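Subject: Structure for your review

Dear colleague,

Please find the structure below, followed by an account of what was found in it.

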Amino acid sequence: MEIKNYMLVVTDIDKSVAFYRKVLGLHVIMDFGANKTLTGGLVLQTLETWEEFIGTSSILFGSNNSEVYFEEDNFDKFAEHLKKCEVEYVHPIKEHSWGQRVVRIYDPDKHIIEIGENIKVVCKRFLDSGMTPEQVAERMDVPMKFVNACMR
């Protein structure tokens with residue numbers, strides 16, 4: 001068993017496609033009208049068809065109980081790009097205790113989208129700052145095996 005895609009139900013599929021294209025740089029790779037697959041494996045499904053599929057109209061948006069997570073290699077560049085986009089923030093950019101910078105935003109239907117700095121880039125950033133591999137492992141709370149892999 002393996003996961004193939006993750007799907008979000010949306011109220012306006014064209015608006016959602018435009019959001020994901022502008023903010024995250026995703027593109028439609030399969031277009032079935034009421035269902036569109038974007039690069040990265042994200043699938044958008046229209047609210048109307050989803051209600052029909054599952055036999056109910058009690059669909060909740062904005063419940064803050066899940067997120068779709070992306071990683072970005074050049075987090076600083078993305079942060080500058082995000083400033084130019086009209087997005088609603090769940091929270092501004094913050095740094096977690098292990099050193100990874102993240103930001104969470106809402107898509108047009110209030111799905112939480114997290115964009116995090118690529119964790120390997122975090123490791124390399126610490127190494128490039130002069131920290132020893134052992135210090136990086138302790139700072140990030142990761143095994144030395146992970147740090148060594150990032151050094152290759």
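Q100 is in contact (heavy atoms within 4.5 Å) with Y69, E71, K94, E95, G116, E117, I119 and V122, leaving aside its neighbours within four places in sequence. This is a predicted model, in which local features need pLDDT of at least 70 and side-chain atom pairs count only at pLDDT 80 or more, while totals for chains, interfaces and linings use all residues. Residues are numbered from 1 along each chain as its sequence is written, and side-chain values use heavy atoms, with hydrogens and water left out.

Q100 is placed in the loop between strand 6 (88–95) and strand 7; helices (H or I, at least four residues) and strands (E, at least two) are DSSP runs numbered from the N terminus. Because its relative accessible area is 6%, Q100 counts as buried (under 20%; exposed is over 50%, and partly exposed in between, with a 1.4 Å probe and protein chains only). The side chains of Q100 and Y69 are joined by a polar contact of 2.9 Å (a pair of N or O atoms within 3.5 Å; within protein, one must be able to donate a hydrogen and the other to accept it, and residues adjacent in sequence count only if both atoms are side-chain atoms). A polar atom of the Q100 side chain also lies 2.7 Å from the backbone oxygen of E117.

The largest nonpolar core (buried Ala, Val, Leu, Ile, Met, Phe, Trp, Tyr and Cys residues joined through side-chain atoms within 4.5 Å) has 23 residues. Those with the most contacts inside this core are Y20, V23, L24, L44, I105, I113 and I115. Helix 1 gives the most to this core, with 6 residues. Apart from it lies another core, of 9 residues, including C123, V136, A137 and M140.

As for the exterior, F32 lies in the loop between strand 2 (28–31) and strand 3 (35–38). F32 counts as exposed because its relative accessibility is 55%.

Over the whole protein there are 6 helices and 8 strands, and from the N terminus on the elements run β-α-β-β-β-α-β-α-β-β-β-α-α-α. The C-alpha trace spans about 55 × 40 × 30 Å along its principal axes. Of the 152 residues, 39% are buried. Among contacts with a separation of 6 or more, 49% are between residues 24 or more positions apart.

With kind regards
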